[in-house]
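Dear colleague,

I am passing on the structure below, together with some notes on its aromatic side chains. Please read the notes with the coordinates open beside them.

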Amino acid sequence: MSAPGAAGHDGGTAPALVLEGVTKRYGDSSGARSLDLTVAQGELVTLIGPSGCGKSTTLRLIAGLERPDEGTVRIAGEVVADGRRFQEPEHRRVGLVFQDHALFPHLTVARNVAFGLDRMPRAERAARVEEVLGLVRLGHLAGRYPHELSGGEQQRVALARALAPRPAVVLLDEPFSSLDESLRGQVRRDTIATLQETGTTAVLVTHDQTEALSVGHRVVVMHDGLIEQADTPERVFEHPATRFVASFMGDADFLPANVDRALLTCEIGIVSTVPGWADSDVDVDVVLRPHEVAIRPDPASSAHVYAVEYHGAFVLHHVRLASGRTLRSWQPHTVRHPVGTPVAVTVAAGTVPTLLVDDRAVTSPPGRDPEDAPAEPARTSR
């Protein structure tokens with residue numbers, strides 16, 4: 001599936017990165033399949049997906065650590081890989097930040113940062129090292145060695161080294177995953193702030209859904225070497241393009257449903273109206289996330305709570321319906337329905353449910369051009 005490109009953040013200049021039909025095979029398997037992606041200058045894109053989905057392969061193809069079998073890679077308007085040419089990593093305008101930082105243990109912080117600046121005059125090189133160490137607030141540690149730094153400080157040195165040559169794109173491969181949980185959030189915020197302050201284009205690989213949604217201008221969800229969806233964090237979470245995206249990017253439950261004369265109905269009743277489906281009678285699956293499911297005690301209901309999980313500020317209720325299918329419902333910490341409680345299940349007001357046909361999201365009846373459908377969203381039944 002092709003991912004849409006983003007408009008330039010800087011008024012329409014050449015994109016910082018373009019992948020066109022990029023494919024990489026490993027024997028009978030594919031690490032990446034027909035990838036299309038455009039990253040604007042100054043944009044921060046996160047790549048996420050399960051292990052083996054192709055996200056790290058994609059990063060390596062951009063960096064020049066892998067050679068594509070098909071397709072074209074462009075960086076800052078220059079072709080760096082296609083069927084005829086292949087530019088080595090050291091000649092691409094790319095900065096790399098790895099999970100293990102990859103600092104040289106025998107070099108000081110300043111010399112680590114200066115490593116890629118050997119073609120600069122000495123005075124200019126020293127000034128640039130001082131500048132980027134100032135950006136990451138480590139100027140006072142310029143003379144230290146990596147083993148004398150904390151994990152967070154090592155990460156900031158790695159970022160400074162990547163930024164020093166003024167790359168067109170910085171690639172970050174799970175840069176925070178080796179840090180303690182208590183440190184990870186702060187280092188992540190500092191890193192993103194530095195990238196934004198410098199207007200740096202960045203592609204960040206992560207396995208953490210919360211991280212992907214919270215730091216990027218766009219999220220690229222990959223599965224089995226393909227891009228399933230590339231969109232804003234809000235759209236990826238609230239309007240997933242496929243069943244896989246819905247289930248991978250947060251908790252999601254699925255119920256068989258039917259749209260008949262613009263009413264979406266499933267086992268829990270009428271869920272919403274669906275504008276533009278007035279003449280339709282279509283079977284779909286409706287996607288419901290736990291925060292979209294409302295419950296209240298009802299002795300007459302055939303649905304009941306079968307498990308309760310306390311999460312501090314919220315309590316997750318697992319509900320079994322009469323059919324045996326299950327839903328999850330987030331409730332504030334002040335609301336706790338004991339196991340066995342019969343509950344009425346509805347959809348929270350304001351929910352715009354995602355509808356799936358053949359595991360793909362649909363916004364208009366199958367066979368009808370989406371452009372012919374009204375722009376109004378589905379409306380939750382009260």
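Phe104 is partly exposed, at a relative accessible area of 26%, and Phe115 is likewise partly exposed, with a value of 49%. Please keep in mind that this is a predicted model, and that the number of aromatic pairs found in it comes to three. One of these joins the two residues just named: the ring centres of Phe104 and Phe115 are 4.6 Å apart and the planes meet at 45°, an angle between the limits of 30 and 60 degrees, so the pair is classed as tilted. Because Phe104 belongs to the loop between β6 (94–97) and α2 (109–113), while Phe115 belongs to the loop between α2 and α3 (122–135), the pair ties together parts that are eleven residues apart in sequence.

A further pair is formed by Phe244 and Phe248, whose ring centres lie 5.4 Å apart and whose planes are at 15°, which is under 30 degrees, so this pair counts as stacked. Both residues, Phe244 and Phe248, are in helix α8 (residues 243–248), where they are separated by four residues, about one turn of the helix. Phe244 and Phe248 are both buried.

Two arginines also deserve a look in connection with rings. Arg243 is placed over the face of Phe254, at a distance of 4.8 Å from the ring centre, and Arg320 has its charged end over the ring of Tyr306, 4.1 Å from the centre of that ring.

With best regards

Conventions: Residues are numbered from 1 along each chain as its sequence is written. This is a predicted model: local features need pLDDT of at least 70, side-chain atom pairs count only at pLDDT 80 or more; totals for chains, interfaces and linings use all residues. Side-chain values use heavy atoms; hydrogens and water are left out. Rings of Phe, Tyr and Trp (its six-membered ring) pair if their centres lie within 6.5 Å; planes under 30 degrees apart count as stacked, over 60 as edge-to-face and the rest as tilted. Helices (H or I, at least four residues) and strands (E, at least two) are DSSP runs, numbered from the N terminus. Buried means under 20% relative accessible area, exposed over 50%, partly exposed in between (1.4 Å probe, protein chains only). A charge sits over a ring if NZ of Lys or CZ of Arg is within 6 Å of the ring centre and within 35 degrees of the ring normal.
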